[in-house]
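Take a look at the chain below. This report begins with one loop, moves to the helix before it, and ends with the chain as a whole.

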Amino acid sequence: MKKCNDHFFDFLVSHAKSYGFIFPSSEIYGGLNAVYDYGPYGIELKNNIKEFWWKSMTFLHENIVGIDSSILMRSEIWDASGHVNEFNELLIDNKDSKKRYRPDILIKEHVEKHFSKNLRKKENILFRLSKSLKKKDFLDLKTLVDELNIRDSISKTKNWTKIRHFNMMFQIKNENKKDLYLRPETAQGIFCNFNNVIKSNRMKIPFGIAQIGKSFRNEIFARKFIFRMREFEQMEMQFFIFPEEEKKWYEYWKDIRFKWHLFLGDQKNYKLRDHDHLAHYASAGSDIEYNFPFGFQEVEGIHSRRDFDLKKHEYFSKKKLRVFESRKNYIPYVIETSLGLDRLFLAIFTSSLKEEKLENGNTRIVLKLPPYLSPIKGAIFPLVKKDGLPETAKKIFNDFKIHHKLIYDEKESIGKLYRRQDAIGTPLCFTVDYETIETNTVTMRYRDSMQQKRVHIKDICRIIKYETGLEKILKKLS
Ligand code: ATP
C-alpha cells in the first residue's frame, strides 16, 4: 500500500484503533475534536519512545538534567514569555460552512494540490505568503486567498471572512476568578526553574534541562489525527550556553537531533529545513520534518532562543536569572530542541506499518517497529491447549515477566496468534510444543523475517534483552 495517500492514512487510523494504540477521546459521547486517548499498546509504545528520548538526553549527556514542572503556572509567566500577546494564529471563516481555517495552511495546501508541477509559480506564491506573514500583512493574505480562487472543501464557496488573529492558549479561572493558562509549551517551566537547577545541581555552563510533559493549544486547524492535537505531549530540552558560542551549539544540536531521528531507521523520509518564518522568541530555527502520509511536516524544532526568555523573566519577576562564573555575570543564551511526542509516534507508526505479500500468496499486516520501541517484547504461546503445554508456556511467562514486557496468549490457533503479534509489532514469539517437554527448547519466531529456530528456555531472557533492549542503540548513539 502506498504511504502517501488517503487510503493508507485511513487504514493507519483504523489499525491504531482496532489494535488498541489510539482511540478518539470521549468517543461514547461523540468524540472531542483533536483530542485522543492512548490504548493499552499505544501507551507502551509511547512510554518506550519517551524512555528512548529521555535516556538519549539525560543519560548520554552528563551535563543535561531533567525536571517535571507543573502544567499550571502563574499567568505573569505567559505575559513575560510573550505568549499572551504573540502566541496567535491567523484565522479565516467560510461564511457558508461556518468552518474555521488557518489561511496560511489553506494557501499552502492549495499550492501543493494545484501547482506541484509548476515549480516557479509555486515558489512565487510561497514567497509572497512568507513575506506577508513576516509583515503581518493580513490584507495581502486575504487577496492571495481570493486571487487563488480558494474554495472551502465543504461548502465549495469562496465566501470568506476577513483574516484575524486568534490566541491559542486555553484560559481557565482559579478559585479567585483570576486567569490561568494551560501551558502551550513546556519550556517556560524550565526557564522559571533555572536558578533552582543551577543551585541544587551545581550546574556550569554549558548545560541543559530536559522535560517531557503535556502542552495545550487551541489549534484552529486541528486535523490529521494525532499530528495536530489540542492536548499533546512535548519532549523539550533547553541548553544554556555562553552567548559567543551560539552558532556552534545551534549547529551541534541540529546535527545531533537529526541523526537521532535517522537512527529510528527510516532515513529517506526525514529532512532538515531552515525556518523561513521565525517564532516570536527565536533568532534562528530549523525543523526536522517527516514524510507523513500527507507530506513532509515538522516533527521537531531546533531554535536559538538567545536570552529572550531569561531576560524577560528577569524583567517581569525582578529576580536575577544569570550565571556568575570566572568573575563574569551574564544571561546565557539558549538552544532549544522541541519534539512533539505524539507527532513522533505518528511518524514511527507510519514508517512501521506495512502490508506484505507472502510467498503463499496471502498478505500479512505487520508493524515493523524498532524492537526497542515495541509495546510487547516477546509473546509466549502453547502450540495447543492441552497435554501440559499451556502450563509450561505460562511458567516461562511468569519466570521472565519481571524482566521484559511479555504477553501470554492461547486464545486462537498458532497462525492467528502470530498474525496478531505481527500487527502490534512484537519482535519475537516463543512457542511451546511437544519437543519442549523433552528438550527444554521452544520455537522462536522473528517478526520481520518470520524465520524460526529452536532456542533453550534458559536463553529466552538473554535473547529478548539482546534483540529488543535499548542499550544496543544507546551505545551506538553515544
Ligand atoms: P506547527 O507549525 O506544526 O504548528 P509549531 O512550530 O508551532 O508547529 P513548536 O511550537 O515548535 O511547533 O512546538 C514544538 C513541537 O511540538 C513541534 O515540532 C511538534 O512536534 C509539537 N507540536 C506543536 N503543536 C502541536 C500540536 N498541536 N499537536 C501535536 N504536536 C504539536
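## A loop and its helix

Pro206 sits in the loop between H9 and E9. The model is a predicted one. The peptide bond that joins Ile205 and Pro206 is cis, with an omega of about 0 degrees. Arg202, just after H9, takes a positive phi of about 50 degrees.

Now turn to the helix itself. Helix H9 covers residues 194–201, and Phe194, Val197 and Ile198 are buried in it. Why do these buried residues lie on the same side of H9? They cover an arc of only 100 degrees around the axis, which puts them on the same side. A general rule helps here. An α-helix has 3.6 residues a turn, so residues three or four places apart point the same way.

The other face of H9 is turned away from the buried side, and it carries Lys199 and Ser200, which are exposed. What do the buried residues of H9 pack against? Their partners include helix H8 (187–192) and helix H11 (308–317). Strands are also among them: E3 (64–66), E9 (207–216), E10 (231–241) and E14 (323–325).

## Two more residues with positive phi

Lys177 and Arg306 each have a positive phi although neither is a glycine. The table sets out where they are found and how accessible they are.

| Residue | Phi | Place | Relative accessibility |
|---|---|---|---|
| Lys177 | about 65 degrees | loop between E7 (170–173) and E8 (179–182) | 67% |
| Arg306 | about 45 degrees | strand E13 (residues 295–306) | 36% |

Are these two residues buried or exposed? Lys177 counts as exposed because its relative accessibility is 67%, and the cut-off for exposed is over 50%. Arg306 counts as partly exposed, at 36%.

## The whole chain

Step back to the full protein chain. It has 17 helices and 23 strands. Its C-alpha trace spans about 75 × 65 × 50 Å along the principal axes. The radius of gyration is 25 Å; a compact globule of 478 residues would have one near 23 Å, which agrees.

How much of the chain is buried? Of its 478 residues, 52% count as buried. The protein chain exposes about 23900 Å², and carbon and sulfur atoms supply 51% of that area. Among contacts between residues at least 6 apart in sequence, 66% join residues at least 24 apart.

Charge comes last. The protein chain has 86 positive and 65 negative side chains. The centres of the two sets lie 2 Å apart.

How values were computed: Residues numbered from 1 in each chain as written. Predicted model: local features only at pLDDT ≥ 70, side-chain atom pairs only at ≥ 80, totals over all residues. Heavy atoms only, no water. Helix = DSSP H or I, 4+ residues; strand = E, 2+ residues; numbered from the N terminus. Rg over C-alpha atoms; globule rule 2.2 N^0.38 Å. Buried < 20%, exposed > 50% of the residue type's maximum accessible area, 1.4 Å probe, protein only. Contact = heavy atoms within 4.5 Å. Areas by Shrake-Rupley, 256 points an atom, 1.4 Å probe, with all protein chains shown as cover. Lys, Arg positive; Asp, Glu negative; His and termini not counted. Charge placed at Lys NZ, Arg CZ, Asp CG, Glu CD. Arc of directions from axis to C-beta.
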